[in-house]
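Student: Could we go through this structure together, starting with the ligand and then moving on to some of the helices?

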Amino acid sequence: MSFETMLSTMSIGMLRTIGIFALTLLGALPLGMIVALLKKSRFVVVRAIVNAYISIIRGTPLMLQLLVWYFGPYYLFGMNIGDWRYPALIIGFVVNYAAYFAEIYRGGIEAIPIGQFEAADVLGYTKTQTFMRIILPQVIKRIMPAITNEVITLVKDTSLAFTLAYQEIFSLAKQISASQTSFMPFIIAGVFYFVANYVVAFVMSRIEKSMDYYK
Amino acid sequence: MILQMSNIRKHFDGLEVLKDISLSVDSGEVVSIIGPSGSGKSTLLRCATFLETIDGGTIEYMGKAATHTGANGAAEYVSPQELRKFKSYYGLVFQQFNLFPHYSILKNLIDAPMHVQHRSKEDAEATAMELLEKMGIADKADAYPYQLSGGQQQRVAIARALAMHPEILFFDEPTSALDPELTGEVLKVIRRLAEEKMTMVVVTHEMPFAKAVSNRVLFMDGGVIVEQGKPEDVFDNPQEERTKKFLSVFER
Ligand SMILES: Nc1ncnc2c1ncn2[C@@H]1O[C@H](COP(=O)(O)OP(=O)(O)O)[C@@H](O)[C@H]1O
Ligand SMILES: [Mg+2]
């Protein structure tokens, strides 16, 4: 297999990796906020459920969680859902990352001085307005470094999709390497991850800089 | 009557902070509240601005009741939607300014008028610039709060409150967080508002200022109003021992 063929075969894997990455962020960033807000719910039951969810997710490996999402419906409930591999994969990633994002959001919200909420209240902002206009922008600025860390971890975590035999870049590299007895696929995959993280770090630092106009 | 607070009671876990306090403020009146730390001054303002809920008593703005007394004697508030309408009657200036750091000075002044009171941008901006002019900081319209001195930030906070066209303005120790050389500029602004007959309630430790601007002075201690009256009476001829003792500290 020529280098070009190898590269083009593996580029499909790259696209799949980027797909997992993008869908996870798309789902987990907003879901994490919902979880963070539910954690502050006035209902004890809701808070208990959210706390259990967060500690289970943080206390078990993502790899195991992916297997549970994939095999769970069949083994636990006897359900036979057709091709469930990809949905299980994405749900597993989203649910996992949402828990981590939720903790970051919570910390960020709690770090906002109470005076900001009170000033907004006295001015007559509704709770939603206060959150969207006054609190959230300040939270986002504060949590960007922590979010960046998670996003970089996510780039590398996408490789765990091999657990469900989903052929993203890492699985493909392993497979091609074995069939072609070549080390090259690993180098290609390595370069891909490195570049991807470089791009992520660059984009995130641009976003952070865009919020540098205030302290 | 702009504000009428009657028989207000408030406690924090076992501690009676306000013990049957009544305060009414007429249009154009400037009321100063003085008293030692922990006497309940902030709590009184926070109850008036609904940042704290009262246990007993009633609060009325412009003759409209925000609370009524329930069957068991406890205070009951009108619905949250109803209560929000009351917020347009008052403004509060905090000791710590509490400007919105992510908004420019101008945006701090126009955001609530536009999004709470649904004024047009042109209208809100015109009011904002007029107020900044008056506060002597029109050149800071595009700056951000962190770029301003404490005195300037507090003047912005006053302007932000005024931009909502409140009937009454509350100040909770507006100069206590400021370096001594910056208090003057803030007090001057408040004094000017007093001359313009803005209705105000000011919690302060600046005795000469309180004496000069207020129509009435309240001395609070231990959750009660110990003494009140015209500033010259309370300051120069206090009747109560506690008032005398408190004021003597400031004479030195
Ligand atoms: N949120 C709160 N929880 C518990 N105690 C409080 C709270 N706010 C104020 N207090 C107490 O109420 C008393 C009056 O406080 P405050 O109104 O701030 O007094 P002042 O403004 O006159 O210094 C103090 O003993 C204070 O510790
Ligand atoms: Mg106080």
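Tutor: Gladly; what follows covers the surroundings of ligand 1 and then parts of chain A, and it should be kept in mind that this is a predicted model.

Student: OK, which residues surround ligand 1?

Tutor: The residues around ligand 1 come from chain B, and they are B:Phe12, B:Leu15, B:Val17 and B:Pro36, together with B:Ser37, B:Gly38, B:Ser39, B:Gly40, B:Lys41, B:Ser42 and B:Thr43. Sorted by character, the shell around ligand 1 has four nonpolar residues, six polar ones and one that is charged.

Student: And where are the polar contacts, say from an oxygen atom of ligand 1 to the side chain of B:Lys41 or B:Thr43?

Tutor: For B:Lys41, an N or O atom of the side chain is 2.8 Å from an oxygen atom of ligand 1, while for B:Thr43 the corresponding distance, again from a side-chain N or O atom to a ligand oxygen, is 2.5 Å. The backbone takes part as well, since a polar backbone atom of B:Ser39 lies 3.2 Å from an oxygen atom of ligand 1.

Student: How much of ligand 1 does the protein cover?

Tutor: On its own ligand 1 has 560 Å² of accessible area, and the protein covers 61% of that.

Student: Which elements give two or more residues to the shell?

Tutor: Those are strand S2 (15-25) and helix H1 (41-48) of chain B, with H1(B) giving the most, at three residues.

Student: Switching to chain A, what does helix H7 look like?

Tutor: Helix H7 of chain A runs over residues 169-180, which is 12 residues, and its span of 16 Å from first to last C-alpha is close to the 16 Å expected at 1.5 Å a residue.

Student: What happens at the start of H7(A), and just after H7(A)?

Tutor: At the start, a side-chain oxygen of A:Glu168 comes to within 3.0 Å of the backbone nitrogen of A:Phe170, and just after the helix A:Thr181 adopts a positive phi of about 40°.

Student: Which residues of H7(A) are buried, and what do they pack against?

Tutor: The buried ones are A:Ile169, A:Ser171, A:Leu172, A:Ala173, A:Ile176 and A:Ser177, and they pack against helix H1 (3-38) and H8 of chain A.

Student: H8 again, then: why does A:Asn197 count as buried?

Tutor: A:Asn197, which lies in helix H8 (residues 184-210) of chain A, counts as buried because its relative accessibility is 14%, and the cut-off for buried is under 20%. Setting aside neighbours within four places in sequence, A:Asn197 is in contact with A:Ile152, A:Val155 and A:Lys156.

Note on methods
Residues numbered from 1 in each chain as written. Chains lettered and ligands numbered in written order. Predicted model: local features only at pLDDT ≥ 70, side-chain atom pairs only at ≥ 80, totals over all residues. Heavy atoms only, no water. Near = heavy atom within 4 Å. Polar contact = N/O pair within 3.5 Å; in protein donor to acceptor, adjacent residues only side chain to side chain. Areas by Shrake-Rupley, 256 points an atom, 1.4 Å probe, with all protein chains shown as cover. Helix = DSSP H or I, 4+ residues; strand = E, 2+ residues; numbered from the N terminus. Nonpolar A, V, L, I, M, F, W, Y, C, P; charged D, E, K, R; others polar. Buried < 20%, exposed > 50% of the residue type's maximum accessible area, 1.4 Å probe, protein only. Contact = heavy atoms within 4.5 Å. Expected span 1.5 Å × (residues − 1).
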